[in-house]
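Colleague: I'd like to go through this model with you and ask how you back up each label you use. Could you put it on screen?

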Amino acid sequence: MNPAPFLILETGRPVPSLRRYGRFPHWIRVAAGLEEHETVVVDVEHGADLPDPRQFAGVLVTGSAAFVTDHAEWSERSAAWLRQTAHDDVPVFGICYGHQLLAHALGGEVAYNPAGRESGTIELALDPQAAQDPLFQGLPSHFAAHATHLQTVLRIPEGAAVLARSPLDGCHAFRWGRQAWGVQFHPEFATHHMRGYVRARADCIGRHGGCARSIERAVSAAPLARQLLRRFVRQARLSSAQPVAKQG
């Protein structure tokens, strides 16, 4: 077991109405079952330096209200760092913006989702490749997850595999190499987080043809999606010290 801490790259903050629950790294840490001393948080959005990833058992990348397609300096700097981190076979788990940033870093394409905004508790459908994936194997073919996003991964990086999709998004999860994962959904969200985001994005949901009130009423627990964070922690602890051939 690798006893090193996990690095959390903070790429944004929750909407103001939810900040009483803490910041994204706290939500992720709690959902992942990690103690505070087992994590190091680096606020890349506000210019913090990126450390040597080899000091950590794994890396988690938060969501953000920013857009990958804006190519902000801090985002591009983080993408270059993530590219090298993934090539060095350090375990990586990107969430929402982190998922898109990882795909962009590895040569995929990120853009606005042609299907529009996806919000609320959605149903994920696993792709066949998920049956052999260390994080997704053994999960039901369909299960609930929480989502809130406008942009998406339109094209996965070369050599990556799509693991899950939804009716509105063809890439809700992918893996590149042995242990770099991106998930468009939010495994760290509890129901109160999801309801808060639906309320905060109600106007945008309406502009995209949805009914925020109906979506909020339909929010339900998503324990299997949440379980993926603990699976990542366990997988990273077990595998990150094992040398393997790197993907070219």
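Modeller: Sure, and keep in mind that this is a predicted model. Let's begin with charge: the chain carries 25 positive and 23 negative side chains, and the centres of the two sets lie 6 Å apart.

Colleague: What secondary structure does the chain have, and why is it called as compact as a globular protein of its length?

Modeller: The chain has 7 helices and 11 strands. Its radius of gyration is 17 Å, and the globule rule gives 18 Å for 248 residues; the two values are close, so the chain is as compact as a globular protein of that length. Along the principal axes, the C-alpha atoms fill a box of roughly 50 × 40 × 30 Å.

Colleague: How much of the chain is buried, and what share of the contacts joins residues 24 or more positions apart?

Modeller: Buried residues are 53% of the 248. Among contacts with a separation of 6 or more, 77% are between residues 24 or more positions apart. As for the surface, about 10,500 Å² is accessible, with 51% of that belonging to carbon and sulfur atoms.

Colleague: Which residues touch the most other members of the largest nonpolar core?

Modeller: That core has 35 residues, and the ones touching the most other members are Phe-6, Leu-60, Phe-93, Phe-136, Phe-185, Leu-229 and Phe-232. At least two core residues come from each of β1, α1, β4, β6, β7, β9, β11 and α7. The largest share, 6 residues, is supplied by α7. Another core, of 29 residues, lies apart from it and includes Val-42, Val-61, Leu-101 and Leu-106.

Colleague: What does Phe-136 touch, leaving aside its neighbours within four places in sequence?

Modeller: With those neighbours set aside, the contacts of Phe-136 are Leu-126, Ala-130, Phe-143, Leu-163, Ala-173, Trp-181, Val-183, Phe-185, Leu-228 and Arg-231.

Colleague: What makes you say that α1 is mostly covered?

Modeller: The count does: 7 of the 9 residues in α1 are buried. They are Phe-24, Pro-25, Trp-27, Ile-28, Arg-29, Ala-31 and Ala-32. The cover over them includes β1, β2, β3, β4, α4 and α7. After α1 comes Gly-33, which has a positive phi near 75 degrees.

Colleague: Phe-189 is in the loop between β11 and α4. Why does Phe-189 count as buried?

Modeller: Its relative accessibility is 3%, and buried means under 20%, so Phe-189 counts as buried. Not counting residues up to four places away in sequence, Phe-189 touches Trp-27, His-146, Thr-148, Met-194, Tyr-197 and Arg-226. Trp-27 is itself one of the buried residues of α1. Asp-127, 62 residues from Phe-189 along the chain, has its C-alpha atom 23 Å from that of Phe-189.

Colleague: And Gln-151, in strand β8: how do you know that Gln-151 is buried?

Modeller: By the value again: Gln-151 has 1% relative accessibility, so it counts as buried. Leaving aside neighbours within four places in sequence, Gln-151 is in contact with Phe-67, Val-68, Thr-69, Gln-100, Val-110, Ala-111, Tyr-112, Asn-113 and Gln-184.

Colleague: Where is Leu-50, and how do you know that Leu-50 is in contact with Arg-77?

Modeller: Leu-50 sits in the loop between β2 and β3. Contact means heavy atoms within 4.5 Å, and Arg-77 is among the contacts of Leu-50, together with Leu-9, Val-44, Ser-78 and Trp-81, once neighbours within four places are left aside. The 8.9 Å between the C-alpha atoms of Leu-50 and Arg-77, which are 27 residues apart along the chain, is a C-alpha separation.

Colleague: Which phi value does Asp-89 have, and is Asp-89 buried or exposed?

Modeller: Phi is positive, near 65 degrees, and Asp-89 is a residue other than glycine. Asp-89 lies in the loop between α2 and β4. At 14% relative accessibility it falls under the 20% cut-off, so Asp-89 counts as buried.

Colleague: What about phi in Cys-96, and why is Cys-96 called buried?

Modeller: Cys-96 is not a glycine either, yet its phi is positive, about 55 degrees. Cys-96 is placed in the loop between β4 and α3. With a relative accessible area of 6%, set against the limit of under 20%, Cys-96 is therefore buried.

Terms used: Residues are numbered from 1 along each chain as its sequence is written. This is a predicted model: local features need pLDDT of at least 70, side-chain atom pairs count only at pLDDT 80 or more; totals for chains, interfaces and linings use all residues. Side-chain values use heavy atoms; hydrogens and water are left out. Helices (H or I, at least four residues) and strands (E, at least two) are DSSP runs, numbered from the N terminus. The radius of gyration is taken over C-alpha atoms; the globule rule is 2.2 Å times the number of residues to the power 0.38. Buried means under 20% relative accessible area, exposed over 50%, partly exposed in between (1.4 Å probe, protein chains only). Accessible areas come from the Shrake-Rupley method with a 1.4 Å probe; for residues, only the protein chains shown count as cover. Lys and Arg count as positive and Asp and Glu as negative; His and the chain ends are not counted. The place of a charge is taken as NZ of Lys, CZ of Arg, CG of Asp or CD of Glu. A nonpolar core is a set of buried Ala, Val, Leu, Ile, Met, Phe, Trp, Tyr and Cys residues joined through side-chain atoms within 4.5 Å.
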